[in-house]
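Here are some notes to read alongside the structure. Take them one at a time, and keep the model open as you go.

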Amino acid sequence: MAVKNDAAISASALSRLIHAADRAREGAVAPYSRFKVGAALLTRKGEIVTGANVESASYGLTCCAERIALFNALTSARKDFVAVAVIARIAGGPMPCGACRQLLAEYASDANVYVADSRKLKVVKQFSVRELLPGAFLDFRPA
Ligand SMILES: [Zn+2]
């Protein structure tokens, strides 16, 4: 597995998470782009919560797999996320968009992000949420 040695989770947990995200792709509703993305969040307790992208005829309403997974997890009282895997059929794996990086910074700031191409699930890139969104906007309240 092409993961750096400072991986926050074990290789077996990562493999389980990657495969959960890949299976979640099957739930994608992507009639326009046909770009199916699956995401899976891992909690510190070892629970996995998944999501897939959902597109709208009004394209701007489309929601990414990462946010669907995150909303699914948050609204079922899951928290304390240690990792998120994102899988799609794209060279190098799908990088989270800016909107997803923002939500991950707010609700999964300590998590590592793992991305992989669905055709090469053993080639995994690892990032921290913090490195994906430096200087994140986290508090709107005046000091
Ligand atoms: Zn996104």
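1. A word on terms before we start. Two strands count as paired if DSSP finds at least two bridges between them. With that in hand, look at S4 and S5: they run antiparallel, and four bridges join them. One of these strand partners is easy to locate, as Val113 has Phe127 in S5 for its bridge partner. Please keep in mind that this is a predicted model.

2. Now the overall plan. The protein has four helices and five strands. Reading from the N terminus, the elements follow the pattern α-β-β-α-β-α-β-β-α. Along the principal axes, the C-alpha atoms fill a box of roughly 50 × 40 × 25 Å. For 143 residues, a compact globule would have a radius of gyration near 15 Å, and the 14 Å of this protein agrees with that. Of its 143 residues, 36% count as buried.

3. How does the chain make contacts with itself? Take the contacts between residues at least 6 apart in sequence: 62% of them join residues at least 24 apart. Here is a pair to find for yourself: Gly27 and Thr50 are 23 residues apart in sequence, and their C-alpha atoms are 9.7 Å apart in space. Gly27 is found in the loop between H1 and S1. Is Gly27 buried or partly exposed? Gly27 has 15 other C-beta atoms within 10 Å, so it counts as partly exposed; a buried residue would need 20 or more.

4. Next, the sheet. In what order do the five strands stand? The order is S2-S1-S3-S4-S5, in an open sheet with mixed pairing. S2 and S5 (125–128) are the edge strands, and each has a single partner strand, so one side of each has no neighbour in the sheet. Direction ignored, neighbouring strands are turned by 20° against each other on average. As background, strands of a sheet pair through backbone hydrogen bonds, either parallel or antiparallel.

5. Let us follow S1 (37–43). On one side, S1 pairs with S2 in the antiparallel sense over five bridges. These two strands form a hairpin with four residues between them, and Gly46 in the turn has a positive phi of about 95°. S1 also pairs with S3, again in the antiparallel sense, over seven bridges. Ala39 is a good residue for seeing both pairings: it stands opposite Gly51 in S2, and its bridge partner in S3 is Val86. Six of the seven residues of S1 are buried, so the rest of the structure largely encloses this strand.

6. S3 (81–88) deserves a look of its own. Seven of its eight residues are buried, so S3 too is largely enclosed by the rest of the structure. Ala85 in S3 stands opposite Ala40. S3 and S4 run parallel and are joined by six bridges, and the bridge partner of Val84 in S4 is Val113. To get from S3 to S4 the chain passes through H3, and this β-α-β crossover is right-handed.

7. Turn to the helices. H2 (65–74) is one to colour in your viewer. Which residues of H2 are buried? They are Ala65, Glu66, Arg67, Ile68, Ala69, Leu70 and Ala73. With seven of its ten residues buried, H2 is largely enclosed by the rest of the structure. The elements that cover these buried residues include H1, S1, S2, S3 and H3.

8. Finally, the largest nonpolar core. It holds 40 residues, and those touching the most other members are Leu17, Ala40, Leu41, Val84 and Ala85. Elements that each supply at least two core residues include H1 (11–24), H3 (98–107) and S4 (112–117). Which element gives the most to this core? S3 does, with seven residues. Leu41 shows what a well-connected core residue looks like: leaving out residues up to four places away in sequence, Leu41 touches Ile48, Val49, Ala69, Leu70, Ala73, Phe81, Val84 and Ala108.

Technical notes. Residues are numbered from 1 along each chain as its sequence is written. This is a predicted model: local features need pLDDT of at least 70, side-chain atom pairs count only at pLDDT 80 or more; totals for chains, interfaces and linings use all residues. A nonpolar core is a set of buried Ala, Val, Leu, Ile, Met, Phe, Trp, Tyr and Cys residues joined through C-beta atoms within 7 Å. A residue is buried if 20 or more other C-beta atoms lie within 10 Å of its own, exposed if 12 or fewer, and partly exposed in between; C-beta atoms are placed from the backbone. Two residues are in contact if their C-beta atoms, placed from the backbone, lie within 7 Å. Axes are lines fitted to C-alpha atoms, for helices over the stretch in contact, and angles run from 0 to 180 degrees between N-to-C directions. The radius of gyration is taken over C-alpha atoms; the globule rule is 2.2 Å times the number of residues to the power 0.38. A crossover is right-handed if, with the strands pointing away from the viewer, the path from the first strand over the helix to the second runs clockwise.
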